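Me: I'm new to this one and would like to learn how to read it. Could you walk me through it?

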Amino acid sequence: MRTWKNVFAIAVAGLLTAGQAKAQKTLEGMQLLTVNENVTTVITASEPVRFVDISTGKVVGDQPINNTIRLKPKEGVEVNRDGDILAIVTIVTERYRTQYGLIYTSHQDEAVADKTIEVDERTAYNNPAVSMSTEDMARYARQIWTSPARYRNVATKRHRMTMRLNNIYSVGEYFFLDFSVDNRTNIRFDIDQLKVKLNDKKTSKSTTVQTIELTPEFTLDSSESFQFGYRNIIVVKKMTFPNDKILTIELSERQISGRTISLDIEYEDVLSADSFNKVLLYEH
């Protein structure tokens, strides 16, 4: 059976034979992954992946979830030989980037099926598209979870349940919305969807209500059901909206019961959001 050293030697020898001295420098120090057209190579990052580049069309890939990508050599494009460098894959996350050289092997048992990006394979990167990382959002949300509720009069009662707003915090470009639900029935609530919407205030039955659905940037609790109590903190990008609009958090249940409860937040409540001091992240 071939070893990693053998594969690396074949790759380097092929480059030297072709006189590609420049390519050797590009690959110098780069982690090499052996790939095969019958094996899916799964690469997992420690945080959400924001960008992936595969340098050639010899390898295809996709991103099934936010921190994982899948790669596989194309079949039938051309005959690949052991040691051929098929592509370089570049992975950019919220705070670092990583590159791997993908080397072909005809032996399925030598192909890398599962790869976790290690700390020493990461190059720090200031991603201009990310003003706050998911990890920092989680830190803020966990600290907010421990803070007492400031809002006492923003609540909705329905189906013997009460949904209430606990806190709104403003951090950088984001609002952190802290809310909870008390279930005073003995029926478990199986969560179907958690939505955040910007609605028109209903002025009359004949008025057409315009709804804009907002996509949360982060959700602290991913629980799918609760019995008596539920609490969550969701993060949305800061927004301004006129007084004829209202921010709504809606929690719906799976069928057959299909209960739905929603919480309306007035613009005045959003304006009174507290600023969150970063120092609180590091207090023990």
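Reply: Sure. Let's begin with a term: buried means under 20% relative accessible area, and exposed means over 50%. One caution before we go on is that this is a predicted model.

Me: How much of the chain is buried, then?

Reply: Buried residues account for 42% of the chain's 284 residues. As for its elements, there are 4 helices and 20 strands. Take the contacts between residues at least 6 apart in sequence: 67% of them join residues at least 24 apart.

Me: Which residues have the most contacts inside the largest nonpolar core?

Reply: The general idea is that in soluble globular proteins, nonpolar side chains tend to be buried together. Here the largest nonpolar core has 29 residues, and those with the most contacts inside it are Ile168, Phe175, Leu177, Leu247, Leu251 and Ile265. Among the elements that give it two or more residues are strand S11 (161-171), strand S12 (174-183), strand S18 (245-253) and helix H4 (267-271). A second, separate core has 18 residues, including Leu33, Val49, Tyr100 and Val112.

Me: What is Leu177 in contact with, leaving aside its neighbours within four places in sequence?

Reply: The partners of Leu177 are Asn167, Ile168, Asn232, Ile233, Ile234, Val236, Leu247 and Ile249.

Me: Now strands. Which way do the side chains point along strand S2?

Reply: In a regular strand the side chains alternate between the two faces of the sheet. You can follow that along S2 (residues 41-44): Thr41 and Ile43 point to one face and are buried, while Val42 and Thr44 point to the other and are not.

Me: Which strand pairs with S2 in the antiparallel sense, and which runs parallel to S2?

Reply: Strand S5 (residues 68-73) is the antiparallel partner, over 4 bridges, with Ile69 of S5 opposite Ile43. Strand S8 (residues 114-116) runs parallel to S2, and 3 bridges join them. Asp114 in S8 is the bridge partner of Val42.

Me: What about the aromatic rings? How many pairs are there?

Reply: The count is 4 aromatic pairs. Phe226 and Tyr230 are stacked, at 5.0 Å centre to centre with 25° between the planes. Planes under 30 degrees apart count as stacked, so that angle qualifies. Phe226 is buried at 4% relative accessible area, and Tyr230 is buried too, at 7%. Ring pairs link these two with Phe179 and Phe189 into a cluster. Elsewhere, Arg231 lies over the face of Trp145, at 4.8 Å from the ring centre.

Me: Is Thr248 buried or exposed?

Reply: Thr248 sits in strand S18 and counts as buried because its relative accessible area is 4%, under the 20% cut-off. The side chains of Thr248 and Asp264 make a polar contact of 2.8 Å. Apart from its neighbours within four places in sequence, Thr248 touches several residues, among them Lys195, Val196, Lys197 and Leu263.

Me: And where is Glu110 found?

Reply: Look in the loop between strand S7 (96-104) and S8. Glu110 is buried, since its relative accessibility is 12%. The side chain of Glu110 makes a polar contact of 2.9 Å with the side chain of Thr105. You can also compare sequence and space here: Glu110 and Val39 are 71 residues apart in sequence and 9.7 Å apart in space, C-alpha to C-alpha.

Notes
Residues are numbered from 1 along each chain as its sequence is written. This is a predicted model: local features need pLDDT of at least 70, side-chain atom pairs count only at pLDDT 80 or more; totals for chains, interfaces and linings use all residues. Side-chain values use heavy atoms; hydrogens and water are left out. A nonpolar core is a set of buried Ala, Val, Leu, Ile, Met, Phe, Trp, Tyr and Cys residues joined through side-chain atoms within 4.5 Å. Buried means under 20% relative accessible area, exposed over 50%, partly exposed in between (1.4 Å probe, protein chains only). Contact means heavy atoms within 4.5 Å. Rings of Phe, Tyr and Trp (its six-membered ring) pair if their centres lie within 6.5 Å; planes under 30 degrees apart count as stacked, over 60 as edge-to-face and the rest as tilted. A charge sits over a ring if NZ of Lys or CZ of Arg is within 6 Å of the ring centre and within 35 degrees of the ring normal. A polar contact is a pair of N or O atoms within 3.5 Å; within protein, one must be able to donate a hydrogen and the other to accept it, and residues adjacent in sequence count only if both atoms are side-chain atoms. Two strands pair if DSSP finds at least two bridges between them.
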